[in-house]
Amino acid sequence: MERVVMKFGGTSVGTSDRIRASAARVADEAAKGHAVAVVVSAMAGETDRLLELAGAHGGSLGQVETDVVLTAGEQVSAALMALELGRHGLKAQSFLGWQARIETQGPPGASRISALDAAPVLAALDQGIIPVMAGYQGIGPDNRLRTLGRGGSDLSAVALAAALGARCDIYTDVDGVYTTDPRIEPRARRIPAISYDEMLELAAQGAKVLQTRSAEMAKARGVRLRVLSSFSNDPDAEGTEVVDADLISERRIVSGVAYARDQARIGLLGVSDQPQAAAEVFGALADAEIGIDMIVQGRSRDAGTVNIEFTVDRRDLHAALDVIDSAASGSGARDIVHETGLAKVSIVGIGLNRRADVARILFRALGEKHIAVKVIATSEIKISVLIANESVELAVRALHSAYGLDEAV
Ligand code: ADP
Ligand code: ASP
Ligand code: MG
């Protein structure tokens, strides 16, 4: 009997009607004779509401309690889904993160799954019960509740699928992974099959259709992953399949364009030209679990020193500056500057390094739209540019078109 994990995101359980429609999909899958486990997100908007509520009571001071507040969203939708499945005459039972024994590491608000004991879920499946697991949550080393970072129900689903040896179907409000966010570029095309590496890179660069860590885990554990629409009525809808690169027959240079708004740039000016000075700063940021990106080192006007610039998520800016303030005294930075109102736009493709003119296309396309590039960073399968926040949509559309991704009209 094939095992399937079906994950429903916020909009797919956003109203009672949506919960009914999603439950009907689960019932259909179960009727095919599959052993089905379900993972749900909070109802759309609920996590934002809870976050604001916790914030009104000093949430940033008590991050573990904030996590306790946040987990409530998924608790409600898991139980509502289990109730709704009952109406279909199915046996179903909700599982909270701790009941599925999901152990986590890392800071509250952005924990990682370190272990998942499938035994309780398997026991339910063996009894013909559909387990409905609350996404986005687990327990920390202190046995208290934790959340997995925004979009973390995708990770819950992939982790459960890995533990069960199941296929993982992510149901969302678009019918697959597109060449870019279809909300920004209506000419974006659905990608029928994408490699784990490209999916991971698109997610890491901001395509929120899958959470980055979920793509990472799917790749590491070889989970068969699909992205499908919970809104489509087409029983043959194919969505996007995430597969090994060698299974993709289409030879393409660029697979997609991703964007991440609200980035901040930090500059350490006049840092000692010794590697250990940078190591100290980046070590302190890593210890504080602050993700850094787009590192550029350049000449400084003072001999024996360099300027180091990098970007962080806007919401991490103040924490990063605090960390640097204490660490940078060791590096002797002459000045620490920062800039906000920035965004990162990236092109991703496993064919990028095969073509010499990818950079020319990029600069020409942005130049034609008078979009200034502040920082550029490349890797084997991506090129990212840092630009002004207000140019994001224009840049995404320009690059989408320049690399030939627009749907033929
Ligand atoms: P869910 O609540 O189901 O987890 P999300 O809002 O997290 O859904 O992710 C789905 C959204 O991701 C889509 O509505 C779309 O706007 C956005 N998105 C961004 N980039 C892409 C992309 N390349 N392909 C598809 N959707 C994308
Ligand atoms: N409810 C959480 C969020 O809004 C987790 C998720 O939807 O995956 O980020
Ligand atoms: Mg999501």
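In the predicted model, a polar side-chain atom of Ser-41 is placed 3.1 Å from an oxygen atom of ligand 2. Ligand 2 is also approached by Glu-74, a polar side-chain atom of which lies 2.6 Å from a nitrogen atom of the ligand. Arg-150 contributes a further polar side-chain atom, located 2.7 Å from an oxygen atom of ligand 2. On its own, ligand 2 exposes 260 Å², of which the protein buries 86%. Besides Ser-41, Glu-74 and Arg-150, the residues surrounding ligand 2 are Ala-42, Thr-47, Tyr-136, Gly-151, Gly-152 and Ser-153. By class, this shell divides into two nonpolar, five polar and two charged residues.

Ligand 1 is surrounded by 16 residues, and the closest of them are Thr-172, Asp-173, Tyr-178, Asp-181 and Arg-183. For Asp-173, a polar side-chain atom is found 2.8 Å from an oxygen atom of ligand 1. Lys-7 likewise places a polar side-chain atom at 3.2 Å from an oxygen atom of this ligand. In the case of Gly-10, a polar backbone atom is involved, at 3.0 Å from an oxygen atom of ligand 1. The accessible area of ligand 1 taken alone is 570 Å², and the protein covers 90% of this area. The shell around ligand 1 comprises six nonpolar, five polar and five charged residues.

The model contains an open sheet of eight strands, arranged in the order E3-E6-E2-E1-E9-E11-E12-E10 with mixed pairing. Its edges are formed by strand E3 (92-95) and strand E10 (193-195), each of which pairs on one side only. Disregarding direction, neighbouring strands in this sheet are turned against each other by 20 degrees on average. Strand E3 runs parallel to strand E6 (residues 130-134), and four bridges join the two. Within this pair, Ala-92 has Ile-130 of E6 as its bridge partner. Helix H5 (residues 153-164) packs on the sheet, where it touches strand E1 (3-8), strand E2 (35-40), E6, strand E9 (167-172) and strand E11 (225-229). The direction of H5 makes about 175 degrees with that of E1. Helix H6 (residues 196-204) lies across E10 and strand E12 (240-243), and runs at about 80 degrees to E10.

Strands of a sheet pair through backbone hydrogen bonds, in either a parallel or an antiparallel manner. An open sheet of six strands, in the order E14-E15-E13-E16-E18-E17, shows antiparallel pairing. Strand E14 (293-299) and strand E17 (375-379) each have a single partner strand, so one side of each edge strand is left without a neighbour in the sheet. From one strand to the next, the twist averages 30 degrees. Eleven bridges connect strand E13 (residues 256-272) with strand E16 (residues 335-348), and these two strands run antiparallel. The bridge partner of Val-257 in E16 is Ile-347.

Two helices were examined in relation to this six-stranded sheet. Helix H8 (residues 275-287) packs on the sheet through contacts with E13, E14 and strand E15 (305-313), and its direction makes about 15 degrees with that of E15. Helix H10 (residues 358-368) also packs on the sheet, touching E16, E17 and strand E18 (382-388). The angle between the direction of H10 and that of E18 is about 20 degrees.

Note on methods. Residues are numbered from 1 along each chain as its sequence is written. Chains are lettered from A and ligands numbered from 1 in the order in which they are written. This is a predicted model: local features need pLDDT of at least 70, side-chain atom pairs count only at pLDDT 80 or more; totals for chains, interfaces and linings use all residues. Side-chain values use heavy atoms; hydrogens and water are left out. Two strands pair if DSSP finds at least two bridges between them. Axes are lines fitted to C-alpha atoms, for helices over the stretch in contact, and angles run from 0 to 180 degrees between N-to-C directions. Contact means heavy atoms within 4.5 Å. A residue is near a molecule or strand if one of its heavy atoms lies within 4 Å of it. A polar contact is a pair of N or O atoms within 3.5 Å; within protein, one must be able to donate a hydrogen and the other to accept it, and residues adjacent in sequence count only if both atoms are side-chain atoms. Accessible areas come from the Shrake-Rupley method with a 1.4 Å probe; for residues, only the protein chains shown count as cover. Ala, Val, Leu, Ile, Met, Phe, Trp, Tyr, Cys and Pro count as nonpolar, Asp, Glu, Lys and Arg as charged, and the others, Gly among them, as polar.
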